[in-house]
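Subject: Structure for you to look at

Hello,

Here is the structure I promised to pass on. Please open it and keep it beside this email as you read.

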Amino acid sequence: MKRRSSSIIIIIVIAVIIIFSVIGSYNGLVAMNEEVENKLSQIDNQLQRRNDLIPNLVETVKGFAAQEKEVLKNVTDARAKLSGASTVAELSDADAELTNALSRLLVVVENYPDLKSDENFRQLSDNLAGTENRIAVARKDYNDVAKKYNVAIRRFPKSIVASMFGFKKAEYFKAEEGAKNVPKVDFSK
């Protein structure tokens, strides 16, 4: 009788340990998942800041460079695409397209010295450059927490808890195709 009650107590203790371990793993994964979502929202926040600056920049350039309508249209279209992005992959692609369009816009600006000396344009350009730096930091922070989260849901024993409760791998914010190539700069035009 005493041996039987000892066995029952041991089984109960083991069950309690397992239950608390599962609860701890679950809560840890929930916290990590929220951190991933938070960092992704920081990227959205900075992309929105850039999106808000672009119309003013485009209008300033329009006043000086009316004949550059195609470049301005590309920036506006890319900005709209970024606003409509809903997944990390779409966000990454739209961000890359907008970055390329802004690069082309800045090349156009080189042809207008009066524009470059305009106080409003300089202030907008400085704000945009600062925002680009914030976006780069936000992407890095997001990818760092996404990596920690992805490792956690793949490591044993949390992988069991993750699969039981449907935790999915976080997508990484990836660089655009060709980002590793050195850009060609040509001022001869």
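Below is what turned up, starting with confidence and moving on to the surface and the aromatic rings.

First, a caution: this is a predicted model. Mean pLDDT for the chain is 84. A value of 70 or more is reached by 88% of the residues. Confidence varies along the chain. Of its elements, helix H6 (residues 158-165) has the highest mean pLDDT, 94. Helix H4 (residues 113-117) has the lowest, 69. Then look at residues 185-189. There pLDDT stays under 50. The model also gives this stretch zero contacts beyond four places in sequence.

Next, the surface. Find Ile-8, Ile-12, Val-16, Ile-19, Phe-20 and Ile-23. They form a nonpolar patch with about 550 Å² of accessible area together. Take Val-16 from that patch. Val-16 sits in helix H1, which covers residues 2-64. Its relative accessibility is 36%, so Val-16 counts as partly exposed.

Now the rings. How many aromatic pairs does a search of the whole structure find? It finds two. One of them joins Tyr-26 and Phe-167, edge-to-face. Their centres are 5.7 Å apart, and the planes meet at 65°. This pair links distant parts of the chain. Tyr-26 is in helix H1, Phe-167 is in the segment after H6, and 141 residues separate them.

Are these two partners buried or exposed? Phe-167 is buried, because its relative accessible area is 14%, under the 20% cut-off. Tyr-26, at 31%, counts as partly exposed. Add Phe-165, and the three residues form one aromatic cluster.

Best wishes

Technical notes
Residues are numbered from 1 along each chain as its sequence is written. This is a predicted model: local features need pLDDT of at least 70, side-chain atom pairs count only at pLDDT 80 or more; totals for chains, interfaces and linings use all residues. Side-chain values use heavy atoms; hydrogens and water are left out. Patches are made of residues with over 30% relative accessible area and no salt bridge: like charges are joined within 9 Å, nonpolar side chains (Val, Leu, Ile, Met, Phe, Trp, Tyr) within 5 Å. Accessible areas come from the Shrake-Rupley method with a 1.4 Å probe; for residues, only the protein chains shown count as cover. A salt bridge is a side-chain nitrogen of Lys or Arg within 4 Å of a carboxyl oxygen of Asp or Glu. Helices (H or I, at least four residues) and strands (E, at least two) are DSSP runs, numbered from the N terminus. Buried means under 20% relative accessible area, exposed over 50%, partly exposed in between (1.4 Å probe, protein chains only). pLDDT is the predictor's confidence in each residue, from 0 to 100. Contact means heavy atoms within 4.5 Å. Rings of Phe, Tyr and Trp (its six-membered ring) pair if their centres lie within 6.5 Å; planes under 30 degrees apart count as stacked, over 60 as edge-to-face and the rest as tilted.
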